[in-house]
Amino acid sequence: MTETLTGAQITVRLLERQGIRTVAGIPGGAILPIYDALGQSTTIHHVLARHEQGAGFMAQGMARATGQPAVCLASSGPGATNLLTAIAVAKLDSIPLVAITGQVPKAMIGTDAFQEVDTYGLSIPITKHNFLVSSAEELLEVIPRAFRIAASGRPGPVLIDIPKDVQAQAIEISEWPDPGRAEPAPAANSALIEQAAAMINAAERPILYLGGGVIHSGASVAAIELAEKASLPTVMTLMALGAMPVDHPLALGMLGMHAARYTNLALDECDLLIAIGARFDDRATGKVAAFCPQAKIIHIDIDPAELDKIKTAHIGIMADISEALGQLLPAVFQNSRKNWVDRSNALKAEFPFDLHSTDNPRSHFGLIQSVAACLDDDAIIATDVGQHQMWVAQAYPLRRPRQWLTSGGLGTMGFGVPAAIGAALAERGRTVVCFTGDGSIMMNIQELVTAAEENANIKIVLMDNATLGLVHQQQTLFYGERLFASQFRSSPDFIKIAQGFGIAAVDLDASANPCATLMEAISRPGPCLIHASIDAEQKVYPMVPPGAANRDMIGA
Amino acid sequence: MNAISKNEQNALARAVLEIDVNNHAGVMSHVVGLFSRRSYNVEGILCLPVGDGRQSRIWLLVNEDQRLTQMMKQVEKLEDVITIRRHNADHAVFQDLETFFRP
């Protein structure tokens, strides 16, 4: 049957056919035809963000929680530029995101028309790929392709810029393209897998180094099996937290700048580093020349450009992690590796991670532990960026993949609240906790009203030290205690702000029994802000000073 | 006098990249953007359509640099790049163009 549809209607239909059920965005002049068509959709729920950056983070909250591409929408000009930070975050963390922006009509492109900006040009370096669509017919090819690119290989954001006249153009449609799906990953080179297995079997002090690629590939179970079979002490990057439960006997926690001492010291001693879906980020490696100085390196990654980028691998394998681990597992010998596991446990005992005063819910670690005590592993834990993020990464008992949503590569304050809203809308059965700071929450605080409007089941734990904590920490440690522009001279009343936006709020400072107050706030359905003052003098420790080797940690 | 001629020096210090791409607006921007963001200068660019015009071939003259291997991998990842090949700087493609570039 032939239908006559506009570019806008085609866009919405293609999103429906992709299985998209929730989108986040803000309308504006140049995207109104798409919004008009979206309003007629009975299957897609539109979440009206209050800033386009919020919409971009909501969409990637959905994508991070589910692993499926998610969609955000914005108009031309400022709508598109406001979206850019969120797109860049998705690029740095390899998150499948499809951003659709309206553009001025084709005939006006290049004339400095009202709300015209070169969205295509601006988005080139922060997208995996981008499109400027020049006809309604082209949408039939571009939209499924955008989803395919976003989900295939190393995932990433794709932007589709659609001029208003293309949205309005009506064409006849007799046949619909298949939805865009991830392409099957190329098979790992079996000769290289065999060499890698032999190298693991011969190693005396191997360490497994898991990155975000393990989460993206759904390979957590296989990675744990490999670790257990070959007795591999295992470190995780910030992006991989949850891939192996932190309380697994082989888990050494997060590596790098804010790792426990035993983690970085074990890496210093290893003779083989098996990097899986990790990219040797500078916050993980510290001074690269001094990172795992005795180790040979096996590096498995789906992105060939990551192999040999920072560290030259002895064996580099371009492959999907699940597929590669499937081949590697049978070739690796069962090995209890008693000496090395004992050594790794001895390091843990000798240089333990100090979760000081965890029984006091008014301390930073105590608060995190008290929140964890109110929840099970089904909960999703989102964070903003700063001291609170690192403390949660260090102290929260993360135990499953996609439990942990954080802005890793770009480290973007303002990520937490909207990402948590997105996750809560995509996974309605789960409680979503967003740990944030008083600096971060202010960067997208307008989305509190979106949380109220959507009745999103998010619990925002605001750790308030009235400072930009990590800046304060660095100025204290490395800039002669010259504190400048890192202490807020004026702070808002966050309880009134939350209530003003229409969400419940509790203040742990004013509670005689903070644990009970916390439990009550977390158990109550719907959005809630939980305010807790913390000590501004607390530091994220241990810390590897910028540019130093990971073994040279300071503090705690 | 220097024992190495100008051409030989160029051959040592430079490389020529041959990149087959889909021919549409924006491809050149994707390719050269990878160089400019790393402040890696592109010394010469040639580009013309190939065959029926659905594809183009971009020739780049670049300085030898330890980053060149990584650059090629990044270029290869672009959706619209079909293949990339590396040649020595004495490749013929840029050689007869000097007459157009006299000060």
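Mentor: A salt bridge here is a side-chain nitrogen of Lys or Arg within 4 Å of a carboxyl oxygen of Asp or Glu. This is a predicted model, in which local features need pLDDT of at least 70 and side-chain atom pairs count only at pLDDT 80 or more. Residues are numbered from 1 along each chain as its sequence is written, and chains are lettered from A in the order in which they are written.

Trainee: How many salt bridges are found over all chains?

Mentor: The search covers the whole structure and takes in all chains. Its count of salt bridges is 31.

Trainee: Is Glu306(A), which forms a salt bridge with Lys309(A), buried or exposed?

Mentor: In this salt bridge the closest N and O atoms of Glu306(A) and Lys309(A) are 3.2 Å apart. Buried means under 20% relative accessible area, exposed over 50% and partly exposed in between, with a 1.4 Å probe and protein chains only. Lys309(A), at 31%, is therefore partly exposed. Because the relative accessible area of Glu306(A) is 6%, this residue is buried.

Trainee: Which strands hold Glu43(B) and Arg14(B)?

Mentor: Glu43(B) forms a salt bridge with Arg14(B), with 3.4 Å between the closest N and O atoms. The pair links distant parts of the chain, 29 residues apart. Strands are DSSP runs of E with at least two residues, numbered from the N terminus. Glu43(B) lies in strand 2 (residues 42-50) of chain B, and Arg14(B) in strand 1 (residues 14-22) of chain B.

Trainee: Which residues do salt bridges that share partners join into one network?

Mentor: Glu306(A) and Lys309(A), already met as a salt-bridged pair, both belong to this network. Its members are Arg154(A), Asp303(A), Glu306(A), Lys309(A) and Lys77(B).

Technical notes: Side-chain values use heavy atoms; hydrogens and water are left out. Helices (H or I, at least four residues) and strands (E, at least two) are DSSP runs, numbered from the N terminus.
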